[in-house]
Amino acid sequence: MIPARITSSAAVTATASITLLAYFVFCKIYNHSSSSSSCRKNKVRNGIIEAIGNTPLIRINSLSQATGCEILGKAEFFNPGGSVKDRVALKIIQEALELGLLAKGGIVTEGSAGSTAISLATVAPAYGCQCHVVIPDDAAIEKSQILEALGATVERVRPVSITHKDHYVNIAKRRALEANDVALEQEISKKTNGKDVAQINGDIHKGEKQYQFFSGDCKGGFFADQFENLANFRAHYEGTGPEVWKQTGGNLHSFVAAAGTGGTVAGVSRFLKEKDPNIKCFLIDPPGSGLFNKVTRGVMYTREEAEGRRLKNPFDTITEGIGINRLTENFKMAELDGAFHGTDMEAVEMSRFLLKNDGLFVGSSSAMNCVGAVRVAQSLGPGHIIVTILCDSGMRHLSKFHNAQYLSQHGLTPSATGLEFLGLGS
């Protein structure tokens, strides 16, 4: 059994292992469209934008051997921003600029548990834009640190229900409106030769102090709205799904992933189903989320919960970025055949098992997706090809998911020597 705590040197070693394994697999096994010689001749990509996507598909050897299925993981941590959310950030910003909803020099705002925010902060400067992020203060602290290092403005707020005006997503939406107000004030000031805007327009703006986050040269704001903006879905329908289809040569039996916004599972599942309706697509859902009920029973909550007995803040999971208790526009686009439940303990054990046996150092959602892949393999039986998403690496999860003390406080200290936590081996 490996130690539960991941040291910096272990993390570096794990990342190096990931890189070598993924490069070998990508070049030698799943790169159907290119010869090995062309794989060695690296194409120069035009800036960070062209580096997003076309991530390798990795055979997860340990899980494949244990289940008798070919379990493949789309290694999204190879994106320049380090996660699958780079695809979403790119699509959202591109479409906003094309539609005139965002201008060069403008500010992209978002409420995010971390990964989408990091991706937005990575992509926005490539388009001459800035990023303002509102993040729940129970998210791993390293995510805020990364955001600040990327030049984003970060607000950490207390977690509350999405129906509350101060939910981090709702605050982010207000910030975009405030940025637009600042830009409007500037425009009016120019037209009035610098006279006091408040005197001209009454008390509409009430001075500039309420816009503490935005400077005088603000070019307006745009709320990314990753949960409801269907650019999220389109990023995966037009990108991730076709890549999976091409890399497997259309030879796959199932796809499984967890959902937060729902964009990934919706975009990939719909594309694959259109290519081959026989491909089975599944959801893996963490504790506290209502999506399992929605997929399997057609409703988000039980009758008792619908009568108002649901807790105000029901999320009871250490996984970040997945699990939700409302139906988003993105998730509505999903084509799913069923769903599985995953536990925090299973995700923690899976992450340690993958590091020990495959050199894969993954985050909480990636680990949960791999739990889902094993569940699908157990359901379908040996001989099937199953694809899932490795959303990001464990580097953003050191203070919580990969922290021995934190896990101990929550009764989640890993102890498995194999896959016995999923009923495989001993």
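Which residue follows H14, and what is the sign of its phi? The residue after H14 is Gly-381, and its phi is positive, near 95°. Keep in mind as you look around that this is a predicted model.

## The chain as a whole

Start with the big picture. The protein chain has 426 residues, and buried ones make up 54% of them. Its secondary structure adds up to 15 helices and ten strands.

Sequence-distant contacts are a big part of the story here: among contacts with a separation of 6 or more, 75% are between residues 24 or more positions apart. As for the outside, the chain has an accessible surface of about 18500 Å², and carbon and sulfur atoms account for 51% of that.

## Helix H14

Back to the helix from the opening. H14 covers residues 364-380, which makes 17 residues. At 1.5 Å a residue it should span 24 Å, and because its end C-alpha atoms sit 24 Å apart, the expected and modelled values agree.

How many of the residues of H14 are buried? The count is 13 of the 17, so the helix is largely enclosed by the rest of the structure.

## Cysteines

If you're wondering about disulfides, the count is zero. Take Cys-391, which is in no disulfide: the nearest cysteine sulfur belongs to Cys-370 and is 9.0 Å away. A disulfide would need the two sulfur atoms within 2.5 Å.

Is Cys-391 buried or exposed? With a relative accessibility of 13%, Cys-391 counts as buried, because the cut-off for that is under 20%. Cys-218 is buried too, at 2% relative accessibility.

## A buried aspartate

Asp-392 is worth a click. You'll find it in the loop between strand E10 (385-390) and helix H15 (404-409). It is buried yet has no salt bridge; Arg-396 is the nearest side chain of opposite charge, 4.4 Å away. The cut-off for a salt bridge is 4 Å between a side-chain nitrogen and a carboxyl oxygen.

So what does Asp-392 touch, leaving aside its neighbours within four places in sequence? Its contacts include Phe-77, Gly-82, Ser-83 and Ser-115, along with Val-362, Gly-363, Ser-365, Ser-366 and His-397.

## Salt bridges

Searching the whole structure turns up 19 salt bridges. One of them pairs Glu-238 with Lys-91, with the closest N and O atoms 2.8 Å apart. Glu-238 is in helix H9 (residues 231-247) and Lys-91 is in helix H4 (residues 85-98), so this pair ties together parts that are 147 residues apart in sequence. Glu-238 is partly exposed, with a relative accessible area of 46%, while Lys-91 counts as buried at 18%.

Another salt bridge brings together the side chains of Arg-158 and Asp-137, at 3.1 Å from N to O. This one runs from loop to loop: Arg-158 lies between strand E5 (153-157) and helix H7 (168-191), and Asp-137 between strand E4 (130-136) and helix H6 (141-149), so the parts it ties together are 21 residues apart in sequence. Arg-158 is exposed at 59% relative accessibility, whereas Asp-137 is partly exposed at 26%.

Then there's Arg-174 with Asp-166, whose closest N and O atoms are 3.0 Å apart. Arg-174 is partly exposed, at 30% relative accessibility, and Asp-166 is partly exposed as well, at 27%. Elsewhere, salt bridges with shared partners link Lys-74, Glu-76, Arg-87 and Glu-243 into one network.

Definitions and conventions: Residues numbered from 1 in each chain as written. Predicted model: local features only at pLDDT ≥ 70, side-chain atom pairs only at ≥ 80, totals over all residues. Heavy atoms only, no water. Buried < 20%, exposed > 50% of the residue type's maximum accessible area, 1.4 Å probe, protein only. Helix = DSSP H or I, 4+ residues; strand = E, 2+ residues; numbered from the N terminus. Expected span 1.5 Å × (residues − 1). Contact = heavy atoms within 4.5 Å. Areas by Shrake-Rupley, 256 points an atom, 1.4 Å probe, with all protein chains shown as cover. Lys, Arg positive; Asp, Glu negative; His and termini not counted.
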